Structure formats: C-alpha cells, structure tokens
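Reader: I would like to learn how to read a protein model one feature at a time. Could you walk me through this one?

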Amino acid sequence: MGILHNSLSGRNRRKPALFQGIYLKYPEVQRAEVSTPADILEALKTFAHRQVNCVVVNGGDGTIQATIGALFHHRPFALMPRLAVLPAGTANLIAGDVGLGRFESHTLEQLLVQAEAMTPGLCFETRPVLRIQFPESREPLHGMFFGAGAIYHGTQLGIETKQSIGRLGEWGAGLILLKFLLALASGSRKGLNPITVRVATGESAPLQHEYLVLLVTTLDRLFLGMKPFWGKQSQPLRYTSLRVPYRYLWRALPTLFRGKTHPLATTEHGYVSENLSRLRLVFNSGFVLDGEVYASSLPEEPLTLDSPGELSFVRLKTE
C-alpha cells in the first residue's frame, strides 16, 4: 500500500497532525508528500517499482484528479492499482461517491488493519474514468466530473468565497445552487448567462443550442446525494444538459435531482440526459473538471470526452 499525502488540501491544512500517529505506527507503509502533478507522478513511479497495489489518496478532488491523470496518461503501473480516497479536500465530490469513509485517522487505520486481515471488511466499487482530449498539443485531462455553464460560474463563486461559503464543502455547493435557483425564480440572470455549445454525440452531426447547464460525469452520486442523470443506455458517460428555453423547471427539478424521469422533462422542453461512450463539444467558455477551473479550448475546435477505462475504489464496509 502507498499513501499520497497532500498537506495543502483543505482539511489536511486545517488538521495537519491528524494522521501523524498512524504514519508513525505503520512505518512500513509507503508514503509520499505531494502537492503538484509532478510530485504525484514521481511518487506513483516509486510505488510501482515497490509493487504497491493500492494507492491511498489523502487529498482533495484536485489531488485525485492528478492521480488519475498520472495513472492513465503515463501508465507507471503494469497492472492498474486500486485507489482508496480520504475526503481531505473541501468539496470532496469524488470521495462523496467512492470515498473510503469519514475524514478521521481511525478510517485510515481501519483500512490498514483490514487489508492485513484474513476476512477483510472491505468492498470494491468500479467507476469509469472521464477523459477530455484537446485538439491542440495539450495533454488530455482525466477525472470524473465535467461541468460548463452555470456549473462553471458556481465553481468560480465557490473559489472566490473559499474562506466563507466555499469552505463549507458540499453544503457550500448546495448554498450556491440555492442562490442560483433563487436567482432563476426572481428572473435575475447574474451568473446564469447561457453559453452557446455545439454538441455531437456518437457519429451524429453537431447541433448548436444555448445551454444553462451541461454536465458529464462517471460518478453515481453528486454533492448532497443528488443524481441529476436519468439516461438508461449502458455507456460510461452520464450526460445531462438544460437547454434554453426550458419549461416546467420547478415541477421537474425535485424528481430529476433524485435521478428519476419526469414526464415534463423532455427534449422539447429543454431537458436531455443520456449515457454515452463519446461526446464532442465546441464552446467559447471555461469549464470545470472535479472542482478545478480550466480555460476553454480553441473556439472552433472540439473537446472530445470519452472514457479510457475503469478504476477500482476500496471502501470500508459499513455495519
């Protein structure tokens, strides 16, 4: 087992000594201090050389994203290791779906104890990895949640208020969502300007529309337990969008947030949710991947979203 520890992640920064006792108690466990993608890649190369088969990520969504990127783009392991994720960041979107457990030293110790036990109290869940490929020479990005439109503006607001609303984690994300919903109800457009996107799914020709929200994820659950995707196809990418003009938002939203279909949430009324293997997007705006904000690609060239494979995540069994 190998541990990637990011001291700069939100919760580790607030509780810098939380895991020190565990690290001292289990000196045989490989551990690396990391804060940049280059640190993570070097640590993973060392772990691979020492035949580590499970990587514990003690960091936030950005650290997990960089770890996934290093694993899939640079391939330091001959056999892909399992990941165990501690919710050490601020939003902890990925850990909320496939995390090891609570942000406590006991959680990590339970993993170390159970990994050595004859009947380990562990379970494993797989998720596809989301890949974003650029038309220029940029390296592809790997992660689990892509968002544009209001999600991009909401993430920017979370970063700007990271000492207040932003530090509340998924509750802070919920407050930002509530702010946007109230703005919609009042007719305000602040932070809610639609973006023009050309979307092509599969081999179909691209269609251009204005979108308020567009997301693609491989997670089963988003913050506060929301599941705003209701596609039925057996494909790895969950794609959901809200097109302008939309209708019946207030009647459909409570049902859609629970991952269920609603008779009024149709394509004609602005709603699309389907599972895809590949998606091409052309737009002139920033986007979000796992809470990190990125500039858009060249305006007239598409981003291609697909999945290069799956990862297995380790979780502690609950009573």
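Reader: Let me begin with a helix. What should the 12 residues of helix α6 span, and how far apart are its end C-alpha atoms?

Author: Happy to help, and please keep in mind that this is a predicted model. The idea is to allow 1.5 Å a residue and compare the outcome with the ends of the helix. For α6, residues 105-116, the expected span is 16 Å, and the end C-alpha atoms lie 17 Å apart, so the two agree.

Reader: Which residues of α6 are buried, and what do they pack against?

Author: The buried ones are T107, L108, E109, L111, L112 and Q114. They pack against the strands β1, β3, β4, β5 and β17, and also against helix α2.

Reader: How many helices and strands are there in the protein?

Author: There are 9 helices and 17 strands. Of the 319 residues, 50% count as buried.

Reader: How should I read a nonpolar core?

Author: Start from a general tendency: in soluble globular proteins, nonpolar side chains tend to be buried together. Here the largest nonpolar core has 34 residues, and L4, L44, F47, V55, I68, L83 and L311 touch the most other members. Elements that each supply at least two residues include α3, β3, α5 and β17. The largest share, 6 residues, comes from α4.

Reader: Which residues is L311 in contact with, leaving aside its neighbours within four places in sequence?

Author: Its contacts include I68, L71, F72, M80, P81 and L83, and also E125, T126, R127 and V129. There is also a second, separate core of 24 residues, which includes I132, V197, V272 and F287.

Reader: How do I read a single residue in a helix? Is T155 buried or exposed?

Author: Look at accessibility, and then at what the side chain reaches. T155 is in helix α7, residues 150-160. Its relative accessibility is 17%, under the 20% cut-off, so T155 counts as buried. The T155 side chain reaches the backbone oxygen of I151 at 2.8 Å. Beyond its neighbours within four places in sequence, T155 is in contact with V288, G291 and V293.

Reader: And in a strand? Which side chain does the side chain of D306 join in a polar contact?

Author: D306 sits in strand β16, and with 12% relative accessibility it counts as buried. A polar contact of 3.3 Å joins its side chain to that of Q133. D306 is also in contact with V129, L130, R131, L237, S277 and R278, among residues beyond its neighbours within four places in sequence. Sequence distance and spatial distance can be read side by side here: D306 and P128 are 178 residues apart in sequence, and their C-alpha atoms are 9.6 Å apart.

Reader: What about backbone angles? Where is Q51 found, and what is its phi?

Author: Q51 is found in the loop between α3 and β3, and its phi is near 60°, a positive value in a residue other than glycine. N92, in the loop between β4 and α5, has a positive phi as well, near 55°. Their surroundings can be read from accessibility: Q51 is exposed, with a relative accessible area of 71%, whereas N92 is buried at 9%.

Reader: Which residues does a cis peptide bond join?

Author: V244 and P245, with omega about 0°. P245 is found in the loop between β11 and α9.

Reader: Last one: what is the volume of the second largest pocket?

Author: About 320 Å³. The pocket is lined by 17 residues, with V52, N53, C54, P81 and R82 nearest its centre. Helix α6 returns here, as α6 and β5 each supply at least two residues of the lining.

How values were computed:
Residues are numbered from 1 along each chain as its sequence is written. This is a predicted model: local features need pLDDT of at least 70, side-chain atom pairs count only at pLDDT 80 or more; totals for chains, interfaces and linings use all residues. Side-chain values use heavy atoms; hydrogens and water are left out. Helices (H or I, at least four residues) and strands (E, at least two) are DSSP runs, numbered from the N terminus. Buried means under 20% relative accessible area, exposed over 50%, partly exposed in between (1.4 Å probe, protein chains only). A polar contact is a pair of N or O atoms within 3.5 Å; within protein, one must be able to donate a hydrogen and the other to accept it, and residues adjacent in sequence count only if both atoms are side-chain atoms. Contact means heavy atoms within 4.5 Å. A nonpolar core is a set of buried Ala, Val, Leu, Ile, Met, Phe, Trp, Tyr and Cys residues joined through side-chain atoms within 4.5 Å. The expected span of a helix is 1.5 Å times one less than its number of residues. On a 1 Å grid over the protein atoms alone, a cavity is a set of points where a 1.4 Å probe fits but cannot get out, and a pocket is an open set with protein on both sides within 12 Å along at least five of seven lines; lining residues have an atom within 4 Å of a point. Grid points are joined across faces, edges and corners, and a volume is the space filled by probe spheres set on the points.
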